Every structure is written in structure tokens, then in C-alpha cells.
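Here is a friendly walk through one protein chain, set out for reading next to the model. Keep the viewer open and look up each residue as it comes along.

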Amino acid sequence: MLHKSSLKFFAVIFLITVILLFASPYQAAQKKILTFGDVMKFKEIRNPVISENGLWLAYGTQPDRGDGEVVVHGLKNGAKFVVPSGHQPQITKDTKWIAMIVRPKAVEMEKTPKDRPKQGMALLEAATGEVVHVENVQSFAFADDSRWIAYLHHKEEEKPQKKEGEASKKTGSFLIMRQLENGKEKKIPNVLAYSFDSSSKYLAFTVSGPNGSEDGLHYLGLTQESLPQKPIIQREGAKFSGFSWTEKGSLLAFLASAVEGEVGHFSLWIWDGNSKEKTRAVGADVAPKGWMIPEKNQISWSRDRKRLFFGFKPLEIHQATQKPEQKEEKKDFEESDLFDTQKILEKRELDVWHWNDPLIKTNDKIQWSRTKDRTFTAVYHVDSKRFVQLADRDMLQVDLNDNPDFALGRSNIPYQKEITWYGRLEDLYLVNLKDGKRQNVAAKLEDRSSLSSEGRYVVYFDDKHWYLYDGKTGNTKNLTEKIDVPFYDEDHDYPEMAPSYRIAGWGKDDVFVLIYDKYDIWQFMTVTGEAKNITGGKGRQAEMTFRVLRLDREKQYFENGEKLWLSSYHNKKKNHGFYSCEIGKGAVTKLLEENKKFKFQTKAKKADVLMYTRESFEEFPDLWVADLKFSEPKKISDVNPQISEFAWGTPELVEWNSIDGIPLQGVLIKPANYEKSKRYPVIVYFYHFFSQRMFEFNQMRVNHRPNFPFYTSNGYAVFLPDVWFDVGHPGYSATKCLVPGVQKLIDMGVADPKGIGLHGHSWSGYQAAFVITQTNIFSAAVAGAPVSNMTSAYSGIRWESGLARQMQYEQEQSRIGGSLWEYPERYIENSPVFFADRIQTPLLIQFGDEDGAVPWYQGIELYLAMRRLQKDCIFLQYRGEPHHLKKYPNKLDYSIKMKEYFDHYLKGMPAPDWIKKGVPYLGK
């Protein structure tokens, strides 16, 4: 028989056991519910960098709203330093110093632009963590030998120096040269631009001062303690641009304004830091007829220092963009001028749209902003001292790699008119660097192409196959025709030709090329065309996609037998990993694989240290490091530790079939504290394929999208379904995929059948608007920037690009598959406005009235149709906003209204006044 004290003891033990058993769910129930204020405080990682020796890692963090910071970690010594308001960190090559921009406080940025403080700079010493702050800095740069940092101050506000009848002169500001070891500084006034050479012997900089006496291009000798300053070219009023040092040695290429001749003409110069000699390589006076060398240019050296690339510009384009130096004296309008037709017509404002124009006027105007500064590639051969023009008006684009013989030319000129309804096409050329002659490679291509590392071969994709062009023989061979797997996008459901999966790169000496299919990586020998699957078919067998990770981004080719590191993605399970393989063999080795998403960032240049992120729905993508075998992965950052404080939600993969039997997948995110016995309101958010987001952390921002953790924290389930489209029937395609998916959630006992909402934006905004004309399964729908009438949208304009929308319907996303005159019934059948009388679902429409992608009057058409039919519809017009809301007050307002709308229609909560009564216009 037990003593009373023993009974008390066991009773206490029993009580403790009960508490422990129920502690976990009890604590989960006590986790905080996310608010919009909480969402604003979550941070993202920006600009992560790792030192060359793999010992230091730095990154910026930025909340959705508020101040960011730079965090620096010592990977071996465990040190951690934080610099408030820091951004874009850079680490010296000796890893002793980290510099960064320091932005003004967020509260200061709410001021008007003229009242905001300027950004500054912070310099952190890794050994001690000591930070030097410098105010008013617009840019900085380290010398490659890690001995110096140069930083340029913002110019103090002052009135521009200008004499009567002359253009304003741009003057410089103070450049500071700081010796990192001892902190000694040298101050140089009136500097506009600066650049270190790769050997850290020189700093070149331009001076432009008020009186002009020191104007010129100068250099500092960094090997002498006194830092002697000497001129390369000194001339009052001279302008310089386009600094480019050779990768090795101290050859500097630059542009200098011409001494005589027209304003804006420049010459190409080379300065040798060893001999201190300067050479005018291409003078302004020897440019081809009708061409000139402009100040805005792209200057670059080949690695062997034998070729210098720059650009010419058509003279007429230059002349059209020049502002007159002196305004003409304005004359009074006289009575006789009232009837002078020429003077009247001088004030006309007119654009003439001709049916045979290469580009429509809206696109032509957008292109002009690029055309006016576009240069056409040319090459200067240093040894022979001659230049060759490579690009011209017939072939605008030239792609360069480091081979000495050829470049890849592209021309869309013959097909500019077809851009309106078909999309982009181009002809391909092999361009000889020595004389500029062109070999025709292929015509009317829609997809990718690549020039081999040695310049002999071009590989391009056309009509579902990869072709190899041999520049030496002029022959072309089909590489993939005899292989029994497709190399085109197997999931492509657009009218246009299915694209490729791209190439991975070229082999040394052009011996082979690596090409992707959906799952695997193939090695094609260039001489024989022989093919080998270097991942051994493991990808297709396991439905895993392998892709090459470029650990050394400077390396231009692969070698046979080389070990490759690969990313992996399981197309059915949706998880990621890292694998390896060897070129020439046929097998893969697993290094790391989990039910997570991994994303490779970079490798330390001189150490076997990899930096990557790991994430899931519940885990923020923090930075991790590992060796090449991933033997001991280590988490470095912990940017959002507050996640554990909030009720979050749990994802799972759901499978169902569409109405016509297509197998589909989607992600169901169950609400926090989910109980099997309860049904929940569900928000369906979709676009095309979304099941790949199974292990993705949702971006914690306030914007036009529903924030998944916010909604699951507030008692909603979120459903992210895949949608497959049939060409010609995009609207019904969404219906036949979505409705069975929603029914699956109801059958699972998760979804409240009277509380299911639909949300889409842009393309899925259109789908949301269309689907509710065909089903009443949704209790409410939100459609952001939807097309409602394809017959009127077809010949609309995408104002952001100036392109016509016709190609979008005939070839691309809208998937009609032909013109309005070929398939008028398809345009009508897929337009929500023609079936608005069937809508029984309350609809919230959102548009920015400066939408550059979808004409916002598409929202007006649907709103007016539903208004005329006495349907429940509210239209949110955000003034001065583009396709995606940019102004934070508007983003927050829309997010709040979206939540209130779903709360009312899905949860039965009281409707706010804007839903019940609207908002009257009061003159604002």
C-alpha cells in the first residue's frame, strides 16, 4: 500500500507529464499572428560576397521598410561585425578591409529629394572591427594590391560655371586617396572619374575645374610614397571617358575630346604606364565617312592586349542629339506671321504612322532612347595599328569572346516589322575580326546561339534541334536529330516554337560543346558529332534536372575529364540538391540533397569554400558555406530569427487531374495551428506553374501579391496550383485545371466550400476574371491588371516597351495562336467581358492608371460591363502607378483592402465602408 506522500509524488509527476505532452501545441497556439507591420520588418540578403581566401563573408540586409545594414562574418575566427545602414560591401583581396556605401536613414529618405542627405561610406578593419565613417561619398574603389582605397565625394551644390553663349561646364569634386595601412590621405580637387590599373601602380583620373588650368587626364604613381601627380593629357576644357586598363600590365585605353572639329567628337588613345608614352590609336578625323567616336562608349581590351574594342556612332544620330550651344534670339510674333503658313507649321506637333514603317511609332520612340546612345562595335589591332568596323546599320549587335579571329554578329533588321505580330527574329553571322567580313550562319532564328571559345564554331537552336556551324568549312550539321530525347522545352504550351534548354559551355580548343535537355547534360564532339550523356541519363530516369555550376566565372571553357559541380531539382518532389559528374563519363555523385531549396551563390576565388543559400517555406534563405564535398555545411547568417515567434503554416504537395485527365500538382499551405477537424477559408493564387514553390520561402514584402505566411498566420489556407494551357483556349484551360484542384481541397476536408477566394495578377488576373464567368465555386475573386476584352486588347500597346500587343496573342502568353481575323471566335470566347452576365462572384479589380504592360482601360471595360449588369464589382484605380505598384502607401493600401475583401467574403467578417458604400470623389 502506497503512503500518502508517495501518492502526492506520483500525482505531481503525472501533472508534469501532462503539461509536457501538451506544451508544444500550447506554445504553438501562443505564437504571434503576423501583421503588415511585422511583414515590413522582415529582411532580405543583398550583395553577398566572400573573400578570395574564404575566411571572410559579408552581405547587406534590407527590410521591406526601414534601414538596412552590412554584416561581416569571420568564417574561421567567429568574428561578427555589423555596420548600420551599410550596403553593397566589398572585401579587399588581402581580406583585411571591407568597404561599403552607407545610405541615409529611411526616415530621412521620406524628405523631398533636395532635403535628403547624401550617401556616405564606411571602412571596416577586419582584424579589430573598427569602422571609419566618411560622409558625402558617391563612389569608392580598392586597389588590387589592397594598399589603397580611393573615394570620390559628392560635389557641393553650386551654380554651373557658364559664360555667355557657352554650354555649362561640368566640374569635379574631391577625390581622396587613403593608404589603408596607416590611414594617410591625399586630397585631389575637381576630379570627375578615376580608375586603378590591375597592377596597382597607377591611378588615372580626370580633372575638370572652374578655371580650366588643371583640366586633363592625370595619373598618380602609387609605387612612390609621395604619390606624384603627372598629366597624361592636359588641356583646358578637354573631356575624357571610357577608362579601360588591360588585365595584366598597365596599358590604359581612353577617349579624349577632339582638339578641333565638331563638339562631341572623340579620339581613342592608349597610354603605356611603363614607357609613359601615349598614342592616338583612332583619331576623330579618321572615322569612316558618316560615323564618329562618341563620348558615351564601351571600351574593352582582349586578354592578350592585342585588340581594343570600342564603338562608332552614326553622325546623323549624334547631330540630332546635340543641343545648340547658343539659343537663337526670340523674335516677337508679328501680325503678318498670323497668315504665314510656314511659321504656323513650325509649331505643329505630329507623328506620321506609315503602314510600312519598320517599327511602330510608340516602339520607335522607346528605341530612340537607346539608339541615341548606341555605339556600333569596332576593333583596333594594336600590332598593325589599324581599326576594323564590325557592326553597322545592317547588323547592330556583335557578341565578343576572347578568341583572336571571330565574333558573332546578329541582325534583326530584316524582321523589324514582324516584331509587331510575330516576335523577335534574327540572322546570324560569323564576323572576321581582321577584315570585318561576314559569313552567313543561319537566318530567321528565334532561339539561342553561341560562339565557341576559339571562334571556329557556332551552335544554334532551330525547329527543335541544335545545329553546329563550322566556320572553317562552312558546313552545318544537326547534332540532336538522332538522339531519342527532346532538346526543346517539353513543358512549352505557347503557340510559338518551343525553345531550347540552353547550352552549358564549350570545351577547350573547341573540341566539344555541352548542351542541356530537360533533365541531363550532353557532350557533343564538334568534329564527329558524337554524343554522350555525361550525367548518364540519371536525370530523366529520376525526373531530376541537373545544371552546371560555374565555380570559376572567369574560365572560358571546360576540359575533358574535368569534374563539374551540379545543381539538382526533382521535378516531382520539388526538392533541390548538389551533385557532381565528370566530363566524358556517364554518372553523377550526390553531394547534398534535402527537402529544401538550395541556390549556389559563388566560390571563394583561392579556396575550396562554396557559398550558397538553403530555404523552405518555414526557413529563410540564409547564407551557408561548405567545402567542395559539402562534408560539413555551416550556416552563417541568421537574418530573420523572429520567424520562430510567429504562427506560420505548413506546405504539402497535392496531386489531382484536370477535367480532361491531365495530371497536375500544386502546393497547399495549411494554416498555422491546423486542425484536421476544421475547414478553412482558402486563397487560390496562381499563374502558370507554381508547384516548384513547395520548398521556397515566400518573399516577405508588402506588395500586389498575397503574402502567404501572413494569410496562413491569419487563419487561411493558401493553394498554389499548376495550370497547363491549350493553345486557342487559355481561359477554359485555367478553369479545367483550377476547379478540380479546388474540389480536391474540399474532398480532403481542408477547404470551406463557402470560403474559397481566387487571386491573380496580370496574366493570372485575366484568368481569374475569366474563370468566374464559368464557375461559381469561388466566393470572391481579386483580379489585378486583367485583360477583359481580347478583341480590343489585341491591337493595344504595351506602353512600357512601345510594342504592339498583337504578338502576345498570336505567338506568346495569351496563346490564341493567330490573328483576330483568323480566329475571331477565339478572341471572343476567351474574353471575360462577353460573358460578364454569367458572373455571380464578387470581383475586386486593381489597376495602376499608368500600367505599361496591360492597358488600364481593360479594367474599365470589365467594371462598366458588371456595373451595367448590376453585378458586385469594385475597381481600385491607383493614380500614377505602373503594372506593379511602386509607391509604398499604395502597396500597403491594396494589401489591406485585399485582406478586408477576403475577410468579408470568405470569413463573413463585417464589410468596411469602402466595400459597402464605395469612396466618394472629393476633389483629390
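Is Arg178 buried or exposed? Arg178 has a relative accessible area of 17%, so this residue falls on the buried side of the 20% cut-off. Please keep in mind that the model is predicted. The notes below start with confidence, then turn to charged pairs, aromatic rings, two helices and one loop residue.

**How far to trust the model**

- Across the chain, pLDDT averages 93, and 94% of the residues reach at least 70.
- Two stretches call for care: pLDDT stays under 50 over residues 1-5, and it also stays under 50 over residues 9-28.
- For residues 1-5 the model has one contact beyond four places in sequence, and one such contact is likewise found for residues 9-28.
- Where pLDDT is low, the predicted coordinates should not be read in detail.

**Salt bridges**

- Side chains of opposite charge can pair when their charged atoms come close.
- The count of salt bridges in this model comes to 50.
- Arg178 is bridged to Glu185, with 2.9 Å between the closest N and O atoms. The two ends sit in different classes of exposure, because Arg178 is buried at 17%, whereas Glu185 is partly exposed at 43%.
- Lys372 pairs with Asp373, and here the closest N and O atoms are 3.3 Å apart. Lys372 is partly exposed at 27% relative accessibility, and Asp373 is partly exposed at 31%.
- Lys897 forms a salt bridge with Asp893, where the closest N and O atoms are 2.9 Å apart. Lys897 counts as buried at 16% relative accessibility, while Asp893 is partly exposed at 26%.
- How are Lys897 and Asp893 placed in helix 14? They are four residues apart in that helix, so about one helical turn separates them.
- An α-helix has 3.6 residues a turn, so residues three or four places apart point the same way.
- Elsewhere, shared partners join Glu594, Lys596, Arg614 and Glu619 into one network of salt bridges.

**Charges over rings**

- Lys897 also has a ring for a partner: it lies over the face of Trp914, at 5.4 Å from the ring centre.
- Arg547 lies over the face of Tyr516, at 4.2 Å from the ring centre.

**Aromatic pairs**

- The structure contains 48 aromatic pairs.
- In one of them, Phe725 and Trp763 have ring centres 5.5 Å apart and planes at 55 degrees, so the pair counts as tilted.
- Which parts of the chain does this pair link? Phe725 belongs to the loop between strand 48 (717-721) and helix 8 (730-747), and Trp763 belongs to helix 9 (residues 763-771), so the pair links distant parts of the chain, 38 residues apart.
- Both partners are buried: Phe725 has 5% relative accessibility, and Trp763 has 5% as well.
- Phe36, Phe710, Tyr711, Tyr716 and Phe902 come together in one aromatic cluster.

**Helices 8 and 14**

- Helix 8 has 18 residues and spans 26 Å from its first C-alpha to its last, close to the expected 26 Å.
- Of those 18 residues, 14 are buried, so helix 8 is largely enclosed by the rest of the structure.
- Gly749, just after helix 8, takes a positive phi of about 85 degrees.
- Helix 14, with its 20 residues, reaches 27 Å from first C-alpha to last, close to the 28 Å expected.
- Just after helix 14 comes Gly908, with a positive phi of about 80 degrees.

**Phe646 in its loop**

- Phe646 is found in the loop between strand 44 (634-635) and strand 45 (650-657).
- With a relative accessible area of 4%, Phe646 is buried.
- What does Phe646 touch, not counting residues up to four places away in sequence? Its contacts are Lys31, Lys32, Ile33, Leu34, Asp38 and Phe42.
- Phe646 and Lys538 are 108 residues apart along the chain, and 40 Å separates their C-alpha atoms.

Methods. Residues are numbered from 1 along each chain as its sequence is written. Side-chain values use heavy atoms; hydrogens and water are left out. Rings of Phe, Tyr and Trp (its six-membered ring) pair if their centres lie within 6.5 Å; planes under 30 degrees apart count as stacked, over 60 as edge-to-face and the rest as tilted. Helices (H or I, at least four residues) and strands (E, at least two) are DSSP runs, numbered from the N terminus. Buried means under 20% relative accessible area, exposed over 50%, partly exposed in between (1.4 Å probe, protein chains only). A charge sits over a ring if NZ of Lys or CZ of Arg is within 6 Å of the ring centre and within 35 degrees of the ring normal. pLDDT is the predictor's confidence in each residue, from 0 to 100. Contact means heavy atoms within 4.5 Å. A salt bridge is a side-chain nitrogen of Lys or Arg within 4 Å of a carboxyl oxygen of Asp or Glu. The expected span of a helix is 1.5 Å times one less than its number of residues.
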